[in-house]
Amino acid sequence: MKTAPPRKSVLRDAEDFRLAIELIGFGARLQVLEAEVSLSRDRLARLYKELRGVSPPKGQLPFSPDWFLTWRPNVHASLFLSTYRFLEAHSGQVRIDRMISAYRLYQEQIAMIGEEVVLSFTRAWTLVRFVECRTMELCSCKCCGGKYVRHTYDLQSNFVCGLCAPPPRAAKGRKAKPDNPAGVVHAGMSVRPDSDIALLAHMAKRAPALAAFHAQ
């Protein structure tokens, strides 16, 4: 005689729906919802369509860690991950709640300076997975001391961040100065990144302090 499967708690079901609604509000993909919420794929898909008005996007999740190493995304990812690491050490929250809190703080800091949100919640979730499997980590810049996302097994020991040594393309679209009317960037030329991304990098260095302030 087969025994009936244990009935799921109504409170647990309500908590799963609350979490799913919050994640969908952040734009999380269906694969993220399936990994973090104990609801069936069909129920999650129907909930997603009801909240967003469209079916969940299809296709694979972002899977390459190299995206987090490009210039602007690296600063955004570093701000989020620094905040997440602080909450991991001091907040006592469970993993998914830490991720939500860190991403919300990231969005608030971005809004303060009028910078565009580059790091989606799905990419932030993927970044945490990369860190957990020791593919990526935070590494200190030898020039400014700020911590930025890098490959765990990067062979370059003297790491310099993209703000201390910005790539030539960082000057693309900037107004040409009188001493360089053509706006040409030569090899070895020092390029000052725009003020928004520089301020964002400063926030990345102060992420633990910002997280502590909001946690009070």
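**Exercise 1.** In this predicted model, α1 passes α5 in a left-handed crossing. Work out which residues make the contact, and how the two helices are oriented.

*Solution.* Start with the residues. On the α1 side, R18, L19, E22 and L23 make the contact, and on the α5 side I96, D97, I100 and R104 do. Next, sort them by class: four are nonpolar, four are charged and none is polar. Now for the geometry. Helix α1 covers residues 10-25 and helix α5 covers residues 95-113; their axes come within 12 Å and cross at roughly 30 degrees. Angles under 35 degrees count as roughly parallel, so α1 is roughly parallel to α5.

**Exercise 2.** Stay with α1, and describe how it meets α3.

*Solution.* Helix α3 is made of residues 41-52, and its axis comes within 10 Å of the α1 axis, with a crossing of roughly 50 degrees. That angle makes α1 oblique to α3. As for handedness, α1 passes α3 in a right-handed crossing. Then look at who touches whom: α1 brings D13, F17, A20, I21, I24 and G25, while α3 brings R43, L44, L47, Y48, L51 and R52. Split by class, this contact has eight nonpolar residues, one polar and three charged.

**Exercise 3.** Find the angle between α4 and α6, and list the residues that meet there.

*Solution.* Take the angle to begin with. Helix α4 (residues 71-90) packs against helix α6 (residues 121-132) at about 65 degrees, and the axes are 11 Å apart. The crossing is right-handed. From α4 come A77, F80, L81, Y84 and R85; they meet A124, L127, V128, V131 and E132 of α6. Eight of the contact residues are nonpolar and two are charged, with no polar ones.

**Exercise 4.** Look at β1 and β2, and say in which sense they pair.

*Solution.* Strand β1 spans residues 136-140 and strand β2 spans residues 147-151; they pair in the antiparallel sense, over five bridges. To see the register, find S140, which stands opposite K147 in β2. Between the strands of this hairpin lie six residues, and G145 takes a positive phi near 85 degrees.

**Exercise 5.** Which residues does the UniProt annotation "binding site" cover, and why can they be said to gather at one spot?

*Solution.* According to the unreviewed UniProt entry, the annotation covers C141, C144, C161 and C164. These cysteines span 24 residues in sequence, yet no two of their C-alpha atoms are more than 8.5 Å apart, so they gather at one spot. To place one of them, go back to the hairpin: C141 is in the loop between β1 and β2.

Conventions. Residues are numbered from 1 along each chain as its sequence is written. This is a predicted model: local features need pLDDT of at least 70, side-chain atom pairs count only at pLDDT 80 or more; totals for chains, interfaces and linings use all residues. Side-chain values use heavy atoms; hydrogens and water are left out. Axes are lines fitted to C-alpha atoms, for helices over the stretch in contact, and angles run from 0 to 180 degrees between N-to-C directions. Helices (H or I, at least four residues) and strands (E, at least two) are DSSP runs, numbered from the N terminus. Angles under 35 degrees count as roughly parallel, over 145 as roughly antiparallel, 65 to 115 as roughly perpendicular and the rest as oblique. A crossing is left-handed if the near helix is turned anticlockwise from the far one by less than a right angle, and right-handed if clockwise. Contact means heavy atoms within 4.5 Å. Ala, Val, Leu, Ile, Met, Phe, Trp, Tyr, Cys and Pro count as nonpolar, Asp, Glu, Lys and Arg as charged, and the others, Gly among them, as polar. Two strands pair if DSSP finds at least two bridges between them. UniProt positions are given in the numbering used here, feature names are shortened, and annotations may be inferred rather than shown by experiment.
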